[in-house]
Amino acid sequence: MASICPSEVARAAAPADWRALLPAVRAAAARLAAQGSIVVTQRGRPVEIGQVRGPVRLRRR
């Protein structure tokens, strides 16, 4: 199953200022994960986005 990085989402939404959008993208990912719409992974394992630091990937459930 394919996944994407939160920075890819931010770059698609705001190519010129994507870094400023990252906190909003991560917050949206946390909400979607809580609803069960997506899975947040780190090193291929599901994680809670608010509980980890570093790179994560997002994929559909």
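The questions and answers below go through how the descriptive terms apply to this predicted model.

Q: What makes the numbering and the values here readable against the model?
A: Residues are numbered from 1 along each chain as its sequence is written, and side-chain values use heavy atoms, with hydrogens and water left out. Because the model is predicted, local features need pLDDT of at least 70 and side-chain atom pairs count only at pLDDT 80 or more, while totals for chains, interfaces and linings use all residues.

Q: How many helices and strands does the protein chain have, and in which pattern do they follow?
A: Helices are DSSP runs of H or I with at least four residues, and strands are runs of E with at least two, numbered from the N terminus. By that rule the protein chain has 2 helices and 3 strands, and the pattern read along the sequence is α-α-β-β-β.

Q: Why is the protein chain called as compact as a globular protein of its length?
A: The radius of gyration is taken over C-alpha atoms, and the globule rule is 2.2 Å times the number of residues to the power 0.38. For 61 residues the rule gives 10 Å, and the radius of gyration of the protein chain is 11 Å, close to that value, so the chain is as compact as a globular protein of that length. The C-alpha trace spans about 30 × 25 × 20 Å along its principal axes.

Q: Why is Ser7 called buried?
A: Buried means under 20% relative accessible area, exposed means over 50%, and partly exposed lies in between (1.4 Å probe, protein chains only). Ser7 has a relative accessible area of 12%, and therefore counts as buried. Ser7 is placed in helix 1, and, not counting residues up to four places away in sequence, Ser7 touches Trp18 and Leu22 (contact means heavy atoms within 4.5 Å). Of the 61 residues of the protein chain, 26% count as buried.

Q: How do you know whether Ser37 is buried, partly exposed or exposed?
A: The relative accessible area of Ser37 is 36%, so Ser37 is partly exposed. Ser37 sits in the loop between helix 2 and strand 1, and, with neighbours within four places in sequence left aside, Ser37 is in contact with Leu32, Arg60 and Arg61.

Q: Why does Pro15 count as exposed?
A: Pro15 has 61% relative accessibility, and therefore counts as exposed. Pro15 is found in the loop between helix 1 (6-13) and helix 2 (18-35).

Q: What makes phi of Arg43 worth a remark?
A: Phi of Arg43 is near 55°, a positive value in a residue other than glycine. Most residues other than glycine have a negative phi. Arg43 lies in the loop between strand 1 (38-42) and strand 2 (45-46), and at 80% relative accessibility Arg43 counts as exposed.

Q: Which residues line the largest pocket, and how do they divide into nonpolar, polar and charged?
A: A pocket is an open set of points, on a 1 Å grid over the protein atoms alone, where a 1.4 Å probe fits, with protein on both sides within 12 Å along at least five of seven lines; lining residues have an atom within 4 Å of a point. By that rule Ile4, Val9, Val25, Ala28, Ala29, Leu32, Ile38, Leu58, Arg59 and Arg60 line the largest pocket. Helix 2 and strand 3 (57-60) are the elements that give two or more residues to this lining, and helix 2 gives the largest share, 4 residues. The lining divides into 8 nonpolar, no polar and 2 charged residues, where Ala, Val, Leu, Ile, Met, Phe, Trp, Tyr, Cys and Pro count as nonpolar, Asp, Glu, Lys and Arg as charged, and the others, Gly among them, as polar.
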